[in-house]
Amino acid sequence: PGGCPAGCECSEAAKTVKCVNGNLTEVPPDLPPYVRNLFITGNPLRRLPAGAFAAQRLAELGALNLSGNHLRVVEAGALSALPSLRQLDLSGNPLASLSPQAFGQGGSPLEELALRGALRDQGALLGLAALLQAGALRNLSRLELADNGLLLLPAGMFGALPALRHLDLSNNSLVGLRNVSFQGLGQLQSLNLSDNSLGVLRNGTLAQWRGLPALRRIGFGRNAWVCDCAIEDLVAWLKESDQVEGKEALTCAHPEKMQGKALLKINASDLNCSVPVDLPSQLQTSYVFLGIVLALIGAIFLLVLYLNRKGIKKWMHNIRDACRDHMEGYHYRYEINADPRLTNLSSNSDV
């Protein structure tokens, strides 16, 4: 007790233990009880099992850095025996599984969690979402999820973080935030969305940000903004909001004719939104108009027939009489041709 594990450097005065690049495959079992700051980095540590710190009674451990190892699995209960833990860094680990019960059933006092470059596996991302949604980290004030190549975030991921103040989602590949809810983040002060693939932000997301009283810093730099009619809401919000840092430098990436144009300088005339762009709606409108025209023509035709019904009736009678007279002539001719006597008589008469 009070000694220093092999491969580590200990400072009782600074309450710090550093086990850096020490070829460790597990958490040292003989950590000194005075440790407050523990660094286990650059080791081939692949798994953090249940009760990894349980036998050591590290009642004062407040900052734990496990970055840059080879961690793939964090099991249920792996961090449950750290009652004073406030800061945890798991960055730079190829996590494949992060148990929603990693901090045990009762939750954790954790305030800062860093997972930069550790969530490239979908299983680890879903595990984190389940962990946050379960309410195990309700004291969390800083969450760093940068450098993970994220395309979309699980729905409701931040719904149980009432104390969150700083959220870093920079340097990912986020294409939209439609399924992300920021409601309930009343303490959120800064949101970093720079270096993503955002093309447009919908009015629903902007309205949520308007309703966050503490939100003062939003980073949007280096995104692929698509400057068509759908960006009107974002441009209007940028012009009236003082939350966005460096908004003067935000420029269009698409289409080509708008490339490089500052978002704050976009006008309605630039977007040409008066021209219909919905072809199915145009076709539907054309079909309705055509139906109305045909119905009108049909009604006029029937009206003309009704107004001229007497003349049409007389005309029909004349046609009938003419046809009848014509048929009687044919019948008479047939009778003459059929009777030999009448045929001879007709011939003599001709002579």
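Colleague: How many salt bridges does the count come to here?

Modeller: The count comes to nine salt bridges. Keep in mind that this is a predicted model.

Colleague: What is the general idea behind such a pair?

Modeller: Side chains of opposite charge can pair when their charged atoms come close. For a case in this structure, take Arg116 and Asp89, whose closest N and O atoms are 3.7 Å apart. This pair links distant parts of the chain, with Arg116 in the loop between E9 and helix H1 (122–133) and Asp89 in strand E7, 27 residues apart.

Colleague: Which other residue forms a salt bridge with Arg116?

Modeller: That is Glu144, and here the closest N and O atoms are 2.0 Å apart. Glu144 sits in strand E10, 28 residues from Arg116 along the chain. Taken together, Asp89, Arg116 and Glu144 are linked in a network of salt bridges.

Colleague: How should I read burial in that network? Is Asp89 buried or exposed?

Modeller: The idea is to compare the relative accessible area with a cut-off: under 20% is buried, over 50% is exposed, and in between is partly exposed. Asp89 has 15% relative accessibility, so it counts as buried. Glu144 is buried too, because its value is 16%. Arg116, at 30%, is partly exposed.

Colleague: Where do the partners of the Arg210 and Glu240 salt bridge lie?

Modeller: Arg210 lies in helix H2 (residues 203–210) and Glu240 in helix H3 (residues 232–240), so the pair ties together parts that are 30 residues apart in sequence. Their closest N and O atoms are 3.4 Å apart. Arg210 is partly exposed, with a relative accessible area of 41%, whereas Glu240 reaches 58% and is therefore exposed.

Colleague: Let's turn to pockets. What is the volume of the largest pocket?

Modeller: It is about 160 Å³. A good way to read a pocket is to ask which residues line it. Of the 15 lining residues here, Leu64, Gln87, Leu88, Asp89 and Glu112 are the closest to the centre. You will recognise Asp89 from the salt-bridge network.

Colleague: Which strands supply at least two residues each to that lining?

Modeller: Those are strand E3 (37–41), strand E5 (63–65), strand E7 (87–89), strand E9 (112–114) and strand E10 (142–144). By class, the lining holds seven nonpolar, three polar and five charged residues.

Colleague: And how does a cavity read beside a pocket?

Modeller: A pocket is open, while a cavity is a place where the probe fits but cannot get out. In this structure the count comes to one cavity of 30 Å³ or more. The largest cavity has a volume of about 40 Å³.

Colleague: Which residues line the largest cavity?

Modeller: The lining is made by Val74, Leu79, Leu88, Leu90, Leu98, Ala102, Phe103, Leu113 and Leu131. By class, these are nine nonpolar residues, with no polar and no charged ones.

Colleague: Now the outside. Which residues make the nonpolar surface patch?

Modeller: Phe301, Leu302, Leu305, Ile312, Trp315, Met316 and Ile319 make a patch of about 690 Å². Helix H5 (279–307) and helix H6 (309–338) are the elements that give two or more residues to it, and H6 brings the largest share, four residues. As an example, Phe301 lies in helix H5 and is exposed, because its relative accessible area is 51%.

Colleague: What backbone details should I look at?

Modeller: Peptide-bond geometry and phi are good places to start. The bond from His254 to Pro255 is cis, with omega near -10 degrees. Pro255 is in the loop between strand E16 (252–254) and helix H4 (268–271).

Colleague: Which phi value does Lys15 have?

Modeller: Lys15 has a positive phi of about 55 degrees although it is not a glycine. Lys15 belongs to the loop between strand E1 (9–11) and strand E2 (16–20), and at 24% relative accessible area it is partly exposed. Asp195, also not a glycine, has a positive phi of about 60 degrees. The loop between strand E12 (190–192) and H2 holds Asp195, which counts as partly exposed at 26%.

Methods
Residues are numbered from 1 along each chain as its sequence is written. This is a predicted model: local features need pLDDT of at least 70, side-chain atom pairs count only at pLDDT 80 or more; totals for chains, interfaces and linings use all residues. Side-chain values use heavy atoms; hydrogens and water are left out. Patches are made of residues with over 30% relative accessible area and no salt bridge: like charges are joined within 9 Å, nonpolar side chains (Val, Leu, Ile, Met, Phe, Trp, Tyr) within 5 Å. Accessible areas come from the Shrake-Rupley method with a 1.4 Å probe; for residues, only the protein chains shown count as cover. A salt bridge is a side-chain nitrogen of Lys or Arg within 4 Å of a carboxyl oxygen of Asp or Glu. Buried means under 20% relative accessible area, exposed over 50%, partly exposed in between (1.4 Å probe, protein chains only). On a 1 Å grid over the protein atoms alone, a cavity is a set of points where a 1.4 Å probe fits but cannot get out, and a pocket is an open set with protein on both sides within 12 Å along at least five of seven lines; lining residues have an atom within 4 Å of a point. Grid points are joined across faces, edges and corners, and a volume is the space filled by probe spheres set on the points. Ala, Val, Leu, Ile, Met, Phe, Trp, Tyr, Cys and Pro count as nonpolar, Asp, Glu, Lys and Arg as charged, and the others, Gly among them, as polar.
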